[in-house]
Amino acid sequence: MTAETPIWSVYMIRTVDGCLYSGVSTDVPRRYGEHLAGGPRAAKYLRAHRPQALVFSNAIGSRSLAQKVEYQLKRLSRGQKEMIIRRQRLVFNPDTGAITV
């Protein structure tokens with residue numbers, strides 16, 4: 001990656017009702033702030049389920065790979081996601097985005 005290429009990250013937000021929301025961004029703190037503000041840039045889901053805390057983020061690399069990892073993350077069970085949050089560690093295949101829990 002060059003200095004001009006943005007580094008994409010995957011993140012998880014816990015909502016006030018205990019749900020987990022996953023997303024991707026090049027600037028996780030800015031994106032979390034947009035979700036908190038609840039305006040037009042916030043995810044529709046998070047307008048209905050208010051964010052409580054940013055509980056996990058992990059730099060991935062390219063947008064394509066970050067989206068693949070996000071897709072795999074969303075397919076994990078609640079317990080597997082909670083394990084990733086507890087460990088603050090995400091192991092994934094850099095070719096396919098497949099996550100190892």
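**Entry 1: the end of H4**

I began just after H4, where Gln88 takes a positive phi of about 55 degrees. I note at the outset that this is a predicted model. Gln88 is not a glycine, despite the positive phi. I placed Gln88 in the loop between H4 and strand S4 (91-92). I then looked up its accessibility: Gln88 is partly exposed, with a relative accessible area of 46%.

**Entry 2: the exposed side of H4**

I turned next to Arg87, which is found in helix H4. Is Arg87 buried or exposed? I recorded a relative accessible area of 52% for Arg87, which is therefore exposed, as the cut-off is over 50%. Arg86 and Arg87 are both exposed on the other side of H4 from its buried residues. I also took one distance from Arg87: Val28 lies 59 residues away in sequence and 19 Å away in space, C-alpha to C-alpha.

**Entry 3: the buried side of H4**

Which residues of H4 are buried? I listed Lys81, Glu82, Ile84 and Ile85. Seen down the axis of H4, these buried residues fall within an arc of 155 degrees, so they line one face of the helix. I then asked what covers the buried residues of H4. The cover includes S1, S2, S3, H3 and strand S5 (99-100).

I examined Ile84 separately. Not counting residues up to four places away in sequence, Ile84 touches Met12, Phe56, Leu73, Leu76, Arg89, Leu90 and Ile99.

**Entry 4: the nonpolar cores**

I looked up the largest nonpolar core, which has 18 residues. Within this core, the residues that touch the most other members are Ile60, Val69, Ile84, Leu90 and Ile99. I noted the elements that give two or more residues to this core: strand S1 (8-15), strand S2 (20-25), strand S3 (51-61), helix H3 (63-75) and helix H4 (78-87). With four residues, H3 gives the most to this core. A second core, separate from the largest one, holds seven residues, including Ile13, Tyr32, Ala43 and Leu46. I add the general tendency: in soluble globular proteins, nonpolar side chains tend to be buried together.

**Entry 5: the S1–S2 hairpin**

I followed the chain through S1 and S2. How many bridges join S1 to S2? I found six, and the two strands run antiparallel. S1 and S2 form a hairpin with four residues between them. In its turn, Gly18 has a positive phi of about 90 degrees. Ile13, which I had recorded in the second core, stands opposite Tyr21 in S2.

I then checked how far S2 is covered, and six of its six residues are buried. In a regular strand the side chains alternate between the two faces of the sheet. For S2, I recorded Leu20, Ser22 and Val24 on one side, with Tyr21, Gly23 and Ser25 on the other. Both faces of S2 are covered, since all of these residues are buried.

**Entry 6: Ser9**

I closed with Ser9, whose place is in strand S1. Its relative accessible area is 12%, so Ser9 is buried, the cut-off being under 20%. What does Ser9 touch, not counting residues up to four places away in sequence? I listed Gly23, Val24, Ser25, Val28, Asn58, Ala59 and Ile60. Among these contacts of Ser9, Gly23, Val24 and Ser25 are buried residues of S2, and Ile60 is one of the residues that touch the most other members of the largest nonpolar core.

Terms used. Residues are numbered from 1 along each chain as its sequence is written. This is a predicted model: local features need pLDDT of at least 70, side-chain atom pairs count only at pLDDT 80 or more; totals for chains, interfaces and linings use all residues. Side-chain values use heavy atoms; hydrogens and water are left out. A nonpolar core is a set of buried Ala, Val, Leu, Ile, Met, Phe, Trp, Tyr and Cys residues joined through side-chain atoms within 4.5 Å. Buried means under 20% relative accessible area, exposed over 50%, partly exposed in between (1.4 Å probe, protein chains only). Contact means heavy atoms within 4.5 Å. The arc is that of the directions from the helix axis to the C-beta atoms. Two strands pair if DSSP finds at least two bridges between them.
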